[in-house]
Amino acid sequence: GMFHGDAMRRFHRQAASRLAASGMARFHILEFDRRPVAVNYVMLHDSWAGGYASAFDVELQRYGPGTLL
């Protein structure tokens, strides 16, 4: 997957941080008991927004945390 491996995770951490700081990315995070259980990674450009990636805690899959975002 796109976040598999240390090098890819490092790349995405750096890229996501820079994109968010420049207003080109946004992260919608659903928390439960003060821990993230689902996230949507959204790219932004002018008036356009597009979903880039999403993830959820598989232990909570039966509750559908990814569909709540």
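This report describes the fold, the strand pairing and the turns of one protein chain.

The structure is a predicted model, and the values below are computed from its atoms. The protein chain has two helices and three strands, and from the N terminus on these elements follow the order α-β-β-β-α. Taken along the principal axes, the C-alpha atoms fill a box of roughly 35 × 30 × 20 Å.

Of the 69 residues of the protein chain, 25% count as buried, and the chain exposes about 5500 Å², of which carbon and sulfur atoms supply 55%. Among contacts between residues at least 6 apart in sequence, 26% join residues at least 24 apart. The protein chain carries 8 positive and 6 negative side chains, and the centres of these two sets lie 5 Å apart.

**Strand pairing**

Strand E1, which covers residues 25-32, pairs in the antiparallel sense with strand E2, residues 35-45, over eight bridges. E2 in turn pairs with strand E3, residues 48-56, again in the antiparallel sense and over eight bridges. Ala38 of E2 stands opposite Leu30, and the bridge partner of Ala38 in E3 is Phe56, so that a path can be followed from Leu30 through Ala38 to Phe56.

**Turns and positive phi angles**

E1 and E2 form a hairpin with two residues between the strands, and the hairpin of E2 and E3 likewise has two residues between its strands. In the turn between E2 and E3, Asp46 has a positive phi of about 50 degrees. Both Asp33 and Arg34 lie in the loop between E1 and E2. Asp33 has a positive phi although it is not a glycine, and the same description holds for Arg34, which is not a glycine either. The table lists the phi angles of the three residues.

| Residue | Place | Phi |
|---|---|---|
| Asp33 | hairpin of E1 and E2 | near 55 degrees |
| Arg34 | residue with positive phi, not a glycine | about 65 degrees |
| Asp46 | turn of E2 and E3 | about 50 degrees |

The surroundings of the two residues in the loop between E1 and E2 can be described through their accessibility. Asp33 has a relative accessible area of 67% and is therefore exposed, the cut-off for this class being over 50%. Arg34 counts as exposed as well, because its relative accessibility is 82%.

Notes:
Residues are numbered from 1 along each chain as its sequence is written. This is a predicted model: local features need pLDDT of at least 70, side-chain atom pairs count only at pLDDT 80 or more; totals for chains, interfaces and linings use all residues. Side-chain values use heavy atoms; hydrogens and water are left out. Helices (H or I, at least four residues) and strands (E, at least two) are DSSP runs, numbered from the N terminus. Buried means under 20% relative accessible area, exposed over 50%, partly exposed in between (1.4 Å probe, protein chains only). Contact means heavy atoms within 4.5 Å. Accessible areas come from the Shrake-Rupley method with a 1.4 Å probe; for residues, only the protein chains shown count as cover. Lys and Arg count as positive and Asp and Glu as negative; His and the chain ends are not counted. The place of a charge is taken as NZ of Lys, CZ of Arg, CG of Asp or CD of Glu. Two strands pair if DSSP finds at least two bridges between them.
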